[in-house]
Structure formats: C-alpha cells, structure tokens
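Reader: Could you walk me through one part of this protein, the place where its domains meet? I'd like to hear what each side brings to it.

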Amino acid sequence: MPRTIRKIAINTGGGDAPGLNAVLRSVTLAAIERGIEVWGIKHGYRGLLEDEPGGLVRLDRDAVRGIMHLGGTILGTANRGDPFHYPTQEGDKVVPKDRSGELVERFRREGFDALVAVGGDGSMRIANALLERGLPLVVGVPKTIDNDVYGTELTFGFDTAVSIATEAIDRLHSTTEAHERVMVVEVMGRHTGWIALRSGIAGGADAILIPEIPFSYESIVQKVLQRESRGRRFSILVAAEGACPKGGDLTVRDAGDEFRRVVVLGGVAERVAKEIAARTGKETRSMVLGHLQRGGGPTTFDRLLALRFGAGAVRFLVQGCESGMVALRCHRVELIPLAETAGRTKTVDLDGDTVTTAREMGICFGDEAPGHFAPGGTAAS
Ligand code: F6P
C-alpha cells in the first residue's frame, strides 16, 4: 500500500565510489517530484551526531545540479563513523562509544520518515542495526568499487574501477615487453577478487591472483617460464590486494584501530614480485594502482546504475515497502531485506563462466598443478 513520506535523509558512508553523486541526484529529484523534502547528512552520520553548522544540508534541485558525472560525494563520507563505536572525546582520550540511541532520537526529532543509506557492506550492517535500534525506515543503496555486497549482482563504482585497472594493464604491456620484465600490478578489492579478475582478463594478464584462490609461487613461476620458452620474455601478473599464498597470510599495511575495525591491505604485489625475481632471475617490478581506481567520475554504466538505484530507493519507500536494500537482479532493480545482505560478502564464483573463460585462455590463477603448463604448447588440462 502506498505510504506518505514527507521528509527523508540521505548519507554516504565508507570509501567513496564513482557514482555517489549520481545517486544523490536521482534520490533528490525522484523525491522532489513527489513533494518529498530531502536532507543530506554530512560525512556519514557525523552531521547528525556532532553539533556542527551545516551538518544537515537541504538537497534541492540546485544542490544536485551538474554533479551526476563527478567523482567523490558532495556530502563527504567517513569510515571511522560507526555510530555504535563512534570516536568520542573523553578527557584527553578519544574512545569508541555507542551513540546509536542519540542518533535515532535526533533523526526522529528532525522529523525524518526514512533514511537512504548509501554504502558498502559495513554501511548495510550499520543500517540494519540502526533499524533494530529504532530508526523508522531505511533503504540501503549498495556502492563499492569492490563489488562484494551480497545480494546484488553489481554495485556502482565497480565498472569504473575495472575500466581504470584495465587501461593501466594495457599501458603496462609496452613498457614491460620493452624491458623483458615481469610486472605485478596490485588492484583493490579487499577480500574478493572481482576487480582483479575482470581487469586481468580484459587487460590480457598472464596470471591473476585473487583472495578466493590461494596461490603457489611454483605455479606462477611455471607460467612465466612457459612464456619464456615460447619467446614471450615478459609477463604481466595482476594481484588483488587480498590475495594470499597457500598457507600464507594477507599482506597488511595497517591493522586498523578501534574505530576503523578493518585492516588496510596493501603490498602483496611487491611481495610477489620479489619472490618471482628470486625464483626466475628475471627483472621484476610492482605497482599499486591504489585510489586511482576510485578517483574521478563514473563510467556511463555506473552512472546509470547509480541513478536507477537512487530512483528505485524512493520508489520503494513511497510504495510502502519494508526497509531493505536496492539490488540489481537479472537486470532489474529490486528491494531485498537488509538482513539478507548484512554481514555477508559476495565472493567470486569459481565455477562461473568468467573464471572458466580465463582458465580456457591459459591464464594462471596460481593454483595449477605442477607440470600443468606444457612448454611451447597449450595448458595440458
Ligand atoms: O572498499 C573500497 C576500498 O577501496 C578497498 O578496495 C580498499 O581496500 C579500501 O577501500 C581502501 O580504503 P582507504 O580508502 O581507507 O585506504
């Protein structure tokens, strides 16, 4: 049954992803068309919890004009702003405090009927917990370049990151071949290998290392040497930042803290490059694409997906649907329960046709059995 919504709040949380501004635009326009007032919460939940001027900003047509193609987010974001573990000054120390009750109270006091929470898996978990804490209505909009949000086939930001990584791999071919080197390119993705898999295949990588498939150095070395024996004296390896050697650990740059309770990954490419150099005697180099993958505007695909997600969120709210998360399923935007996605991760399907395609083209995942690569021939099995 249709429901009356008068005033909604929207925020963007976690790492930014190209397409966030497009969501802000479509939510705002779709709401205004129905006579609904839209307010943006600055920097995740900070705008509701801190008494800062401008913490809540009115989003009208002017506020969202000309932003659709821009990267970042006009609201700002935060990845140390979990209201259940909010950094709070106590004496001379900053300690984590549960301020979720305060947040729900302020939300109700401001007269908001619903929250549109744009974020990744962490933001969906927080949105679900806030709902349980008493927030009236929440629709989550999944964003992340990692594409790891459970329940949606795609998140916006991912296509842009894959395009940037693919272009980088394309460019690395000429310099790597000119110097007859091994190049290891590190891409983002946290604990999933979506970006590495797609950019690696599209960019013509010789090996792709993803968290879902622990790798052995022997397997990679065999691949490099197989190429040498065919006269291809250079190799390009793409490593997801969360890739791990068999029985080995994640390569971690920063262990996180009590406010950002996730580790910061990074450095696996350098680690792999050193090992390959030691084992093959070949000159190797590594490079980390890092935040370039998140910077700048969205691709047309991401822009459109973001616009569809945002308009869908408002549509579901006024249609009277329960709280949930918009998701892309079989090319359609649907609403799924928040509890279905919260706390879960969508990993690469190892039996899916993308991984199979890569294997059929002879791309190494680092799990191939010894002797798998027949020198001068095609993969033996
Ligand atoms: O989740 C998006 C992401 O870009 C990951 O791929 C990466 O591990 C992480 O965020 C980096 O976080 P930060 O921007 O805080 O360094």
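Author: Here is a walk through the contact between the domains, mostly from the side of domain 1. Keep in mind that this is a predicted model.

Let's start with who is who. The protein splits into domain 1, covering 7-156 + 296-341, and domain 2, covering 160-293 + 349-360. Measure from C-alpha centre to C-alpha centre and you get 32 Å between domain 1 and domain 2.

Now the meeting place itself. On the domain 1 side, 19 residues are in contact, and they face 15 residues of domain 2. People often give the size of an interface as the accessible area lost when the parts come together. Here, domain 1 and domain 2 bury about 1,400 Å² between them, with 54% of that on carbon and sulfur atoms. If you want residues to click on in domain 1, go for Arg80, Ile145 and Asp146: they lose the most area to domain 2, and together they make up 38% of what that side buries.

What about polar links across the boundary? You'll find 0 salt bridges between domain 1 and domain 2, but there are 3 residue pairs in polar contact, both partners at pLDDT 80 or more.

As for secondary structure, strand 4 (86-90) and strand 5 (93-97) each put at least two residues into the side of domain 1 that touches domain 2. Strand 5 gives the most to that side, with 3 residues. Sort the residues of this domain 1 side by character and you get 8 nonpolar, 5 polar and 6 charged. So much for charged residues there: the salt bridge count between the two domains is still 0.

Notes: Residues are numbered from 1 along each chain as its sequence is written. This is a predicted model: local features need pLDDT of at least 70, side-chain atom pairs count only at pLDDT 80 or more; totals for chains, interfaces and linings use all residues. Side-chain values use heavy atoms; hydrogens and water are left out. Domain bounds come from an automatic or database domain assignment. Contact means heavy atoms within 4.5 Å. Buried area is the accessible area (1.4 Å probe) that two parts lose on being put together, summed over both. A salt bridge is a side-chain nitrogen of Lys or Arg within 4 Å of a carboxyl oxygen of Asp or Glu. A polar contact is a pair of N or O atoms within 3.5 Å; within protein, one must be able to donate a hydrogen and the other to accept it, and residues adjacent in sequence count only if both atoms are side-chain atoms. Helices (H or I, at least four residues) and strands (E, at least two) are DSSP runs, numbered from the N terminus. Ala, Val, Leu, Ile, Met, Phe, Trp, Tyr, Cys and Pro count as nonpolar, Asp, Glu, Lys and Arg as charged, and the others, Gly among them, as polar.
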